[in-house]
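Trainee: Could you take one part of this model and look at it closely with me, starting from a single contact and working outwards?

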Amino acid sequence: MANDREVLKVVWEGKIPAKFVIDSNDNDEVYYLNLPRISYFALCTDKVKKHFQRHIEKEDDIWFSYMDVPLKFHIPIGVIYDLLVSDNSLPWQINVHFNKFPEDILFKFPNKDVIESHFLSCLKEADFLKHKGQVICQLQKKDHKQLFLGLQNDKFDQFWAVNRRLMETTEQENGFKNLPLRCYTDDGYSYLQKLITPLTEKGQKKTLKDLLVEFSTPAKKPVGAKTHGIEVPLETELQWLSETLSYPDNFLHLCLIYE
Amino acid sequence: MTDENQENSSLGVERLSIQPEKPAEIVKIDILLNAVGNSPIMKQRKWTVDWMKDISWVSKFIHKYLKLDSEDKLFLYINQTFAPSPDQILKNLYECYGSQNKLSLHYSISPAWG
């Protein structure tokens, strides 16, 4: 378990250096920010907005794009990077926009309450899959708040003091009921979600290899999966993956790799 | 969107899993829309829809059906527990929380669960 804690810490501390460039002809001002992989763009808009404030002619909704693809506010930043930046180039050059908000692709997150309720909804869904929702409903409102504040303020201990309860399993359960996971296919932001148990019918622990088979189709066979910027070894057990490499929303976000 | 029952729906699902490379074949599922609390009730609860549609589409549909004002809020829930993200597709929700070609959703004009 001691080693696992180190893994949790490394996952928590993952950062992506980003260079924000304003989408305007008449200035070449840039703003650098070290983005936490586990956080959301919805939580870093204030800083960026503040920096570019004097270039804004009229107050409008801020949004970001990379190579003309709008960046979603409510998908973890690390997932978006792994999905969109195929050459792993750093710093990640992100364009900042203050007009023409693409409402057909992005949803507005006007304040932190909206992303907080999205985050809590993800936790509820994850716990529904893992423990039929029985753990999260035992938590109090202040615990929910602590989870979000832990994420927002980058407080590992604060977050994990509550989150470890969501990650617990009993001896006889031998794992979660189902594993909360989203597998991103190589088609923009689209992902697949299914009921995946941590054990095979014979009671053996499933590995990433087994998972890839479950997400295979005759036309498309994934050969690997990436999360937090690393390619996960195929023999990694799914239950361990879920407990250790899930994002703070308690979901595993896996970018499938095809041949 | 029609209210007729999907024929051979399980066959449709099976066919998709064998030949998913042909997106031309539209898979349809039934969604059951249940009002929560004092939200206005829809006369027709069951609708047969393309499972590639997302939650924001369902939300817009209910909005229109109930003739709500554009600023009126609408909250959608699965299993009376959590609110799926607006860009979540019905297929993913059906795979996890639906059965026998049906997916049940609750809607509310005020926040209901969390």
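**A contact and the sheet around it**

Mentor: In this predicted model, the side chains of B:Thr48 and B:Asp30 make a polar contact at 2.7 Å, a term for a pair of N or O atoms within 3.5 Å, where within protein one must be able to donate a hydrogen and the other to accept it, and where residues adjacent in sequence count only if both atoms are side-chain atoms. B:Thr48 is buried, with a relative accessible area of 2%; buried means under 20%, exposed over 50% and partly exposed in between, with a 1.4 Å probe and protein chains only.

B:Thr48 belongs to strand β2 of chain B; here strands (E, at least two residues) and helices (H or I, at least four) are DSSP runs, numbered from the N terminus. Strand β1 of chain B, residues 28–35, pairs with β2(B) in the antiparallel sense over five bridges, pairing being counted if DSSP finds at least two bridges between two strands. Within this pairing, B:Leu32 stands opposite B:Lys46 of β2(B).

The wider arrangement in chain B is an open sheet of four strands, in the order β2-β1-β4-β3 and with mixed pairing. Because β2 (46–50) and β3 (75–78) of chain B each have a single partner strand, they stand at the edges, and one side of each is left without a neighbour in the sheet. From one strand to the next, the twist averages 35 degrees.

Helix α3 of chain B (residues 90–97) lies across β1, β2, β3 and β4 (102–108) of chain B, and runs at about 110 degrees to β4(B); such angles run from 0 to 180 degrees between N-to-C directions of lines fitted to C-alpha atoms, for helices over the stretch in contact, where contact means heavy atoms within 4.5 Å.

As for confidence, pLDDT is the predictor's own score for each residue, from 0 to 100, and chain B averages 84, with 78% of the residues at 70 or above. Among the elements of chain B, α3(B) has the highest mean pLDDT, 98, whereas helix α1(B) (residues 9–18) has the lowest, 44. Over residues 2–19 of chain B the pLDDT is below 50, although this stretch has 23 contacts in the model beyond near neighbours in sequence.

Residues are numbered from 1 along each chain as its sequence is written, with chains lettered from A and ligands numbered from 1 in the order in which they are written. Local features need pLDDT of at least 70 and side-chain atom pairs count only at 80 or more, while totals for chains, interfaces and linings use all residues, and side-chain values use heavy atoms, leaving out hydrogens and water.
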